[in-house]
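These are my notebook entries from a session of looking things up in one structure, set down in the order in which I asked them.

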Amino acid sequence: MSNRITVSNQKGGVGKTTISLHLAVALAKKDKDVLVVDLDPSAYLSAHLGLDDYYYDENKNSLAYNLVEGPQENLEDIVLQTDEGVDVVPSNYDMRGVEDRLNAERNREMRLRMILDRIDGDYDYTMVDSPPSVGVLYDNAILACERVIIPIKDEDMSIVSIHRALDEIDEIEKAFGTNIEILAIIPNLVRPDGVATDTLERLRSTDGLKEYLTEFEIRQRVAIRRAMKNRTTLYKHKPNSDQVKNFMKLADLVVSKCEGENDEEEKEE
Ligand SMILES: Nc1ncnc2c1ncn2[C@@H]1O[C@H](COP(=O)(O)OP(=O)(O)OP(=O)(O)O)[C@@H](O)[C@H]1O
Ligand SMILES: [Mg+2]
C-alpha cells in the first residue's frame, strides 16, 4: 500500500497546500512515485498544478462524484499526470456540495479511503491536501491516511493553537477507534525575527510537542509566494532558494519515518 499522508490543520492559510505540493514534488525528486489528492473544494492545489480548466469541466467522473456515489468502475480516470513529476486527483467545482451530500450517506467518513484503496496501490506516497475546516472531508483525509503533517504559522505558533489541532485528531481517534500518527508539526511562514526564534525554542522543549516539532522550519519567502502565484513550485521558480533544502529535509524525514517503519516491520516478520 502507498504511504498516505495528509497535511492538515483546521486553521486557514497556514501553508497546507504549499507544503503538500512541495513535499510531493520533493518526494518525486527522490525517485518516489507520488500521487497528490486535492480534497479542498477551493481547488487551490489543482490550480497550482495548472488545472484551472478542469475546475469547470463537466467531468462526471470527478473525485466529488466518486466520493458521493462511491467508487465507480472508471475511477482510474480521475488521476491526471502533471509536468511536476507527480500525478494528481484534482478537485473541481462539484466538490463544493460534497460535504452536504455526504452527510446523508452511510460510511461517509471512509469514502476517500475506499477510493484510494483502488487507485494508489502503485504509488510510493499519496499526499492529501485537506480543507481548512473541520468536517466530513477533513475526517476523510485523516482516516484515509492515518498519518498527518501539521503546518503551523509563525503568527499563531502557540501551545494553545497546536493543542487545538492535536485535539481534533484525538477526537477522530476516539470516535473511530483508530491510531493516527503525527509525522511532524512543521513551522511555516517563519519570519527572521527573534520573536519566532524564541517561541520555537520554547515549543521545541515542551513535553508533548517536542517529539513532533521539526528541527527545521520553512521561512517566509517571497519566492515561495511568487512560485505558487505563478502556478509552479520553488524548485522551478528559484531552485537556489535557501528553502529548497528545508522542503528536501521534510521529504527525508517523511521517508525515514514511513520507510524506516516498514523496514522494522519486515525485520519482525
Ligand atoms: N513559506 C512561505 N513563504 C511565503 N509565502 C507562503 C509560504 N507558505 C505559504 N505561503 C503563502 O501563504 C498563502 C497561504 O498558503 P497556503 O494556501 O499553502 O495555505 P493553506 O493552509 O493551504 O490555506 P487554506 O487554509 O486556505 O487552504 C499562499 O498565498 C501561499 O503562497
Ligand atoms: Mg489550502
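Which residue in S4 is the bridge partner of Leu80? I looked this up in what is a predicted model, and found that Leu80 has Val88 as its bridge partner in S4. I then noted that S3 and strand S4 (residues 87–89) are joined by 2 bridges and pair in the antiparallel sense.

**Entry: the sheet**

I followed the pairing outwards and wrote down an open sheet of 7 strands, in the order S3-S4-S2-S5-S1-S6-S7, with mixed pairing. Strand S3 (80–81) and strand S7 (181–188) stand at its edges with a single partner strand each, so one side of each has no neighbour in the sheet.

**Entry: strand S1**

I turned next to strand S1 (residues 3–7), where 5 of the 5 residues are buried, so that the strand is largely enclosed by the rest of the structure. When I checked the directions of the residues, I found that Asn3, Ile5 and Val7 point one way from S1 while Arg4 and Thr6 point the other way, and that all are buried.

I also looked up the partners of this strand. S1 runs parallel to strand S5 (residues 125–129), to which 5 bridges join it, and it runs parallel to strand S6 (residues 147–153) as well, with 2 bridges. Val7 serves as a reference point on both sides, since I found it opposite Asp129 in S5 and with Ile149 as its bridge partner in S6.

**Entry: helix H7**

Is helix H7 enclosed or left open by the rest of the structure? I found that 10 of the 10 residues of H7 (residues 136–145) are buried, so the helix is largely enclosed. The buried residues include Asp139 and Asn140, as well as Val136, Leu137 and Ile142. Just after H7, I noted that Glu146 takes a positive phi of about 60°.

**Entry: salt bridges**

How many salt bridges does the count come to? The count comes to 17, and I followed up some of them.

The side chains of Lys30 and Asp252 form a salt bridge at 2.8 Å, N to O. Lys30 is in the loop between H1 and S2 and Asp252 is in helix H12 (residues 244–268), so this pair ties together parts that are 222 residues apart in sequence. I recorded Lys30 as partly exposed, at 28% relative accessibility, and Asp252 as partly exposed too, at 40%.

Asp52 and Arg231 meet through their side chains in a salt bridge of 3.2 Å, N to O. This pair links distant parts of the chain, 179 residues apart, with Asp52 in helix H3 (residues 52–56) and Arg231 in the loop between helix H10 (222–229) and helix H11 (234–237). Asp52 is partly exposed, with a relative accessible area of 39%, and Arg231 is partly exposed, at 36%.

For Glu69 and Arg101, the closest N and O atoms of the salt bridge are 3.6 Å apart. Glu69 belongs to helix H4 (residues 63–69) and Arg101 to helix H5 (residues 98–102), so the pair ties together parts 32 residues apart in sequence. Both partners came out as partly exposed, Glu69 at 42% relative accessible area and Arg101 at 49%. I also noted that Arg4, Asp117 and Asp120 are joined into one network by salt bridges that share partners.

**Entry: a charged patch**

Which residues form the negative surface patch? I found Asp31, Asp33, Asp122 and Asp124 there. Asp31 lies in the loop between helix H1 (16–29) and strand S2 (34–38), and I recorded it as exposed, with a relative accessible area of 71%.

Note on methods. Residues are numbered from 1 along each chain as its sequence is written. Chains are lettered from A and ligands numbered from 1 in the order in which they are written. This is a predicted model: local features need pLDDT of at least 70, side-chain atom pairs count only at pLDDT 80 or more; totals for chains, interfaces and linings use all residues. Side-chain values use heavy atoms; hydrogens and water are left out. Patches are made of residues with over 30% relative accessible area and no salt bridge: like charges are joined within 9 Å, nonpolar side chains (Val, Leu, Ile, Met, Phe, Trp, Tyr) within 5 Å. Accessible areas come from the Shrake-Rupley method with a 1.4 Å probe; for residues, only the protein chains shown count as cover. A salt bridge is a side-chain nitrogen of Lys or Arg within 4 Å of a carboxyl oxygen of Asp or Glu. Lys and Arg count as positive and Asp and Glu as negative; His and the chain ends are not counted. The place of a charge is taken as NZ of Lys, CZ of Arg, CG of Asp or CD of Glu. Helices (H or I, at least four residues) and strands (E, at least two) are DSSP runs, numbered from the N terminus. Buried means under 20% relative accessible area, exposed over 50%, partly exposed in between (1.4 Å probe, protein chains only). Two strands pair if DSSP finds at least two bridges between them.
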